[in-house]
Amino acid sequence: MKVAVLPGDGIGPEIVAEALKVLEVFRGEGLSLDMKTCDIGGIAVDRHRDPLPAQTLAACRESDAILFGAIGGPQYDTLPRELRPERGLLRLRKALDLFANLRPAQVFPELAAASSLKPDIVSGLDIMIVRELTGDIYFGEPRGISHNSAGERVGVNTMVYSESEIRRVAHWGFQAAQARRKTLCSVDKMNVLETTQLWRDVVVEVSREYPDVMLTHMLVDNAAMQLVRNPRQFDVIVTGNLFGDILSDEASMLTGSIGMLPSASLNVSGLGLYEPIHGSAPDIAGRGIANPLAQILSISMMFRYSFKRPDLADRVDQAVRRVLQQGLRTADIAQPGMPTVSTSAMGDAVVAALSVH
Ligand code: NAD
C-alpha cells in the first residue's frame, strides 16, 4: 500500500507525526506500507513557488491513499490567488477527480457536553454526510462579475450537474448507507431549482439498485433546520457541493469538537485523500497542544475506504474511544478545570491503546 504523506503547514506536521506513529504500529504488525512525504500548501510555495509542485502531484497519482494534514497561514494571505496554499488542495482534488467527500459527524459520549446543543439532543449522534466535491455552482460556467446594459454590476454563477456526476456520488451515498444503518436522505431544492430536480430523479433511479436502503428526500432549508432540531434522525445524507458545504459544517459543529472529525475525498478508483476537517490552526501551531485525534481518525477512514480493512479501522476507532474513556484530553476538548495532555502524549496514548486487544 502506497501512501503519499502531505503534512502541509501550521499544526499539519505536528498532527501528521502522531498519525504516522499509529501507522507504524500496523507496519510493525506486518502491514506493508510504502510512504513518501511531499510538500503542499504554504511550505511548497516557500520551497518551490508552487502550492502543488509537479512531484507532489505525481507522488499522489502513484499512491493508493493520501494522508493530508492542513494548509494555510496568515503569511500567505496576501499572495496572488494562484500561489495561495488553498489553491494547492483545490487543484489536487480536481486533478485526481476526488468527487465524493465523506464527512462523518459523530458525538463521542465522553464529549457530548462540548456540543452547543443539549447533550440529550446530540448524545449518540452518528451522521455521515456524502458531499459531491468537484461540480455544482462552484465550478459551473458562465461565472463572473460584469456590467449589464444599464451599467450596473451583475454577478453570475451557474449551478450545473450532469446525470453522470449525480449518479456516481449517489452510488457512494447508497453504499455508505449499506455499511451503516441503511437509510439515506438525499437533500435538494427541487421545488425551485431544476438542477436539483434532476438530482432527485437520478437518485431515485440509482435507488433501484439498492433495495435494502431506505431512501428519503428533504429540501435543504428543512435539512438545515432538522440538523439542529433532531439530528439523530439522520444516518447518511447525500447532497451536492453547495448544500453539502454548508450542511457538513453545520453537522460537524453539532459535535462541538473540530479537532475530532476526519474526512475522506475519493475518486472512482478508490484513491482517497484523508484529512481532518479543520485547518492549520496558526494560532496554536508550534506549541504542541493541537489535538491529533481527527488526523488519527483519518487513518481509520483510510483503512476503511481505500484499503478495505474495516478490522484495522475498527481498532483505530476503539483506541481513540479508549483514550477518551481514560480521561485524556487536549486543551480543545477539555472541560474547564480538567488536566490536559500534549499532542504527542495523546498520540502515544492512542499507540498504547492499540496494543490492548
Ligand atoms: P482552523 O480550523 O485552522 O482553526 C479554527 C480554530 O480551531 C482555531 O482556534 C484553532 O486553534 C482550532 N483548532 C483547529 N484544529 C485544531 C486542533 N486539531 N486542535 C486544537 N484546536 C484546533 O480554521 P481557521 O483559523 O479559519 O484557518 C486557519 C488556516 O487554515 C487558514 O489559512 C485557512 O485557509 C486554512 N484552512 C485549511 C484547511 C485545510 O487544510 N483543508 C481547512 C480550513 C482552513
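**Exercise 1. Determine whether helix α10 is largely enclosed by the rest of the structure or not.**

Step 1. Locate the element. Helix α10 covers residues 293–305; helices (H or I, at least four residues) and strands (E, at least two) are DSSP runs, numbered from the N terminus. Residue numbers start from 1 along each chain as its sequence is written. The model is predicted, so local features need pLDDT of at least 70 and side-chain atom pairs count only at pLDDT 80 or more, while totals for chains, interfaces and linings use all residues.

Step 2. Apply the burial cut-offs: buried means under 20% relative accessible area, exposed over 50%, and partly exposed in between (1.4 Å probe, protein chains only). The buried residues of α10 are Leu293, Ala294, Gln295, Ile296, Leu297, Ser298, Ile299, Ser300, Met301, Met302, Phe303 and Tyr305.

Step 3. Conclude. Because 12 of the 13 residues of α10 are buried, the helix is largely enclosed by the rest of the structure.

Step 4. Check the length. The expected span of a helix is 1.5 Å times one less than its number of residues. For the 13 residues of α10 this gives 18 Å, and the end C-alpha atoms are 18 Å apart, which agrees.

**Exercise 2. Find which helix gives the most to the largest nonpolar core, and which residues touch the most other members.**

Step 1. Define the set: a nonpolar core consists of buried Ala, Val, Leu, Ile, Met, Phe, Trp, Tyr and Cys residues joined through side-chain atoms within 4.5 Å.

Step 2. Rank the members. The largest core has 63 residues, and Leu102, Val130 and Phe303 touch the most other members. Helix α10 gives the most to this core, with eight residues. At least three residues come from each of domain 1 (1–98 + 272–357) and domain 2 (100–131 + 163–266); these domain bounds come from an automatic or database domain assignment.

Step 3. List the contacts (heavy atoms within 4.5 Å) of one member. Leaving out residues up to four places away in sequence, Leu102 touches Met128, Ile129, Val130, Trp172, Ser263, Ala264, Leu266, Met301 and Tyr305.

Step 4. Separate the other core. Another core, of 21 residues, lies apart from the largest one and includes Ala112, Ile127, Ile129 and Leu227.

**Exercise 3. Describe the contact between domain 1 and domain 2.**

Step 1. Place the domains. Their C-alpha centres lie 23 Å apart. The contact takes 25 residues from domain 1 and 24 residues from domain 2.

Step 2. Take the buried area, which is the accessible area (1.4 Å probe) that two parts lose on being put together, summed over both. Between domain 1 and domain 2 it is about 2,100 Å², with carbon and sulfur atoms giving 64%.

Step 3. Find the main contributors on one side. Ile277, Met301 and Tyr305 of domain 1 lose the most area to domain 2, together 30% of what that side buries. Met301 and Tyr305 are also among the buried residues of α10.

Step 4. Count the charged pairs. A salt bridge is a side-chain nitrogen of Lys or Arg within 4 Å of a carboxyl oxygen of Asp or Glu. Two are found across this interface.

**Exercise 4. Trace three salt bridges and state what each pair ties together.**

Step 1. The rule gives 22 salt bridges. Arginine 321 lies in helix α11 and glutamate 110 in the loop between β4 (100–106) and α5 (119–122), so this pair ties together parts that are 211 residues apart in sequence. Their N to O distance is 3.4 Å. Arginine 321 is partly exposed at 30% relative accessibility, as is glutamate 110 at 25%.

Step 2. Arginine 131 and aspartate 245 form a salt bridge with closest N and O atoms 3.9 Å apart. Since arginine 131 is in strand β5 and aspartate 245 in helix α9 (residues 241–254), the pair ties together parts 114 residues apart in sequence. Arginine 131 is buried at 10%, whereas aspartate 245 is partly exposed at 25%.

Step 3. In the pair of aspartate 235 and arginine 181, the closest N and O atoms are 3.9 Å apart. Aspartate 235 lies in the loop between α8 and β10 (236–239) and arginine 181 in the loop between α6 (163–178) and β8 (183–188), so parts 54 residues apart in sequence are tied together. Aspartate 235 is buried at 2%; arginine 181 is partly exposed at 43%. Salt bridges with shared partners join Asp126, Arg180, Arg181 and Asp235 into one network.

Note on methods
Heavy atoms only, no water.
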